[in-house]
Amino acid sequence: MSQSPTTASTGGSTVVGRDDHLQGAEDAVLRVDELVAGYLPGVNILNGTDLYAAPGELVGIIGPNGAGKSTLLKAMFGLVKVREGSVTLRGEEITGLKANKLVSKGVGFVPQNNNVFPSLTIEENMQMGCYQAPKKFKERFGVVTDLFPTLGERRSQRAGSLSGGERQMVAMGRALMMDPSVLLLDEPSAGLSPAKQDEVFLRTREINATGVSVVMVEQNARRCLQICDRGYVLDQGRNAYTGAGRALANDPKVIELYLGTLGKVD
Ligand SMILES: Nc1ncnc2c1ncn2[C@@H]1O[C@H](COP(=O)(O)OP(=O)(O)OP(=O)(O)O)[C@@H](O)[C@H]1O
Ligand SMILES: [Mg+2]
């Protein structure tokens, strides 16, 4: 797919265009501009990625394994060094700021792996979530357990003994303890049964409905595009497509390249 400097229609959704990004990102809560980042010297994983989340938006990121989806979230959260480009939170440049600073500015992150403290109880995991503001604990624990009642009922259980779905709730709950305005979720439904996946998507929608902007990477591309307001297809560290979630899900090129033939609509 050649990169187009302006937006070109591909049957419902759009090939990424920088002009559209600049226009859409103007009032964004969180935006990423022409991000270049990587791990090894001379090897860039992100090759000029643009992305934004408007206030209250649920943004999905899909793409093949190794495309750089996790790297993008980690770079936004100060966990991977940014080589070029910028990350901006409500107009303030936050490129390269450390995770604890970002948490205090209202960014929450749930990583793809190792996202709970297994030897700590659920309640202690929640305390870790707001260690920067322990006075908030009681109020926020109430909010989080309203959303995930199981976490309240099992508060004394060690996170390591929970099921995959329950652990995911702990990880999301912990990220919510600081009352973030933006939540970054990396593959929250991975490894879960279909029923638990449904629950994760439902909870994500509920969190989003309270006004939290969400940027979600998902391996369940179809479901992700169904629930998100806008989606991005990331391929080799570049945005390949972007558009409304449903438009992307019905785009013949996106279906052919990223969703598989089973996804074809009649
Ligand atoms: N810590 C690291 N050191 C070196 N290379 C890394 C590191 N983490 C990731 N990479 C490489 O960066 C590339 C992108 O990885 P990333 O985890 O961002 O992909 P992804 O799109 O999240 O894939 P997946 O769908 O499998 O989670 C891959 O080629 C990967 O091998
Ligand atoms: Mg990943």
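## A sheet, a ligand shell and a helix pair

Strand S5 and strand S6 (residues 92–93) pair up antiparallel, with two bridges between them. That's a good place to start on this predicted model, since S5 also pairs with strand S2. Beyond the strands, there's a shell of residues around ligand 1 and a pair of helices, H7 and H8, to look at.

**The sheet**

- Put the strands together and you get an open sheet of four, ordered S3-S2-S5-S6, with antiparallel pairing.
- Strand S3 (46–53) and S6 sit at the edges with a single partner strand each, so one side of each has no neighbour in the sheet.
- S2 (residues 30–37) and S5 (residues 82–89) run antiparallel and are joined by six bridges.
- Within that pairing, Leu-30 lies opposite Leu-89 of S5, and Asp-33 has Ser-86 as its bridge partner in S5.
- Leu-89 turns up again on the S6 side, where it stands opposite Glu-92.
- As a general point, side chains in a regular strand alternate between the two faces of the sheet.

**The S5–S6 hairpin**

- S5 and S6 form a hairpin with two residues between the strands.
- Arg-90 is the one to check here: its phi is positive, near 45°.

**Around ligand 1**

- A run of the chain features in the shell around ligand 1: Asn-65, Gly-66, Ala-67, Gly-68, Lys-69, Ser-70 and Thr-71 are among the surrounding residues.
- Tyr-39, Leu-40, Ile-45, Gly-63 and Gln-112 also belong to the surroundings of ligand 1.
- By class, the shell splits into seven polar residues, four nonpolar and one charged.

**Helices H7 and H8**

- Two packed helices are generally described by the angle and the distance between their axes.
- For H7 (residues 164–176) and H8 (residues 194–209), the axes come within 10 Å and cross at roughly 15°.
- An angle under 35 degrees counts as roughly parallel, and H7 and H8 are therefore roughly parallel to each other.
- The crossing of H7 and H8 is right-handed.
- On the H7 side, the contact is made by Gly-165, Gln-168, Met-172 and Leu-176.
- They meet Lys-196, Glu-199, Val-200, Arg-203 and Ile-207 in H8.
- Sorted by class, this H7–H8 contact has four nonpolar, three charged and two polar residues.

Notes:
Residues are numbered from 1 along each chain as its sequence is written. Chains are lettered from A and ligands numbered from 1 in the order in which they are written. This is a predicted model: local features need pLDDT of at least 70, side-chain atom pairs count only at pLDDT 80 or more; totals for chains, interfaces and linings use all residues. Two strands pair if DSSP finds at least two bridges between them. A residue is near a molecule or strand if its C-beta atom, placed from the backbone, lies within 6 Å of it. Ala, Val, Leu, Ile, Met, Phe, Trp, Tyr, Cys and Pro count as nonpolar, Asp, Glu, Lys and Arg as charged, and the others, Gly among them, as polar. Axes are lines fitted to C-alpha atoms, for helices over the stretch in contact, and angles run from 0 to 180 degrees between N-to-C directions. Angles under 35 degrees count as roughly parallel, over 145 as roughly antiparallel, 65 to 115 as roughly perpendicular and the rest as oblique. A crossing is left-handed if the near helix is turned anticlockwise from the far one by less than a right angle, and right-handed if clockwise. Two residues are in contact if their C-beta atoms, placed from the backbone, lie within 7 Å.
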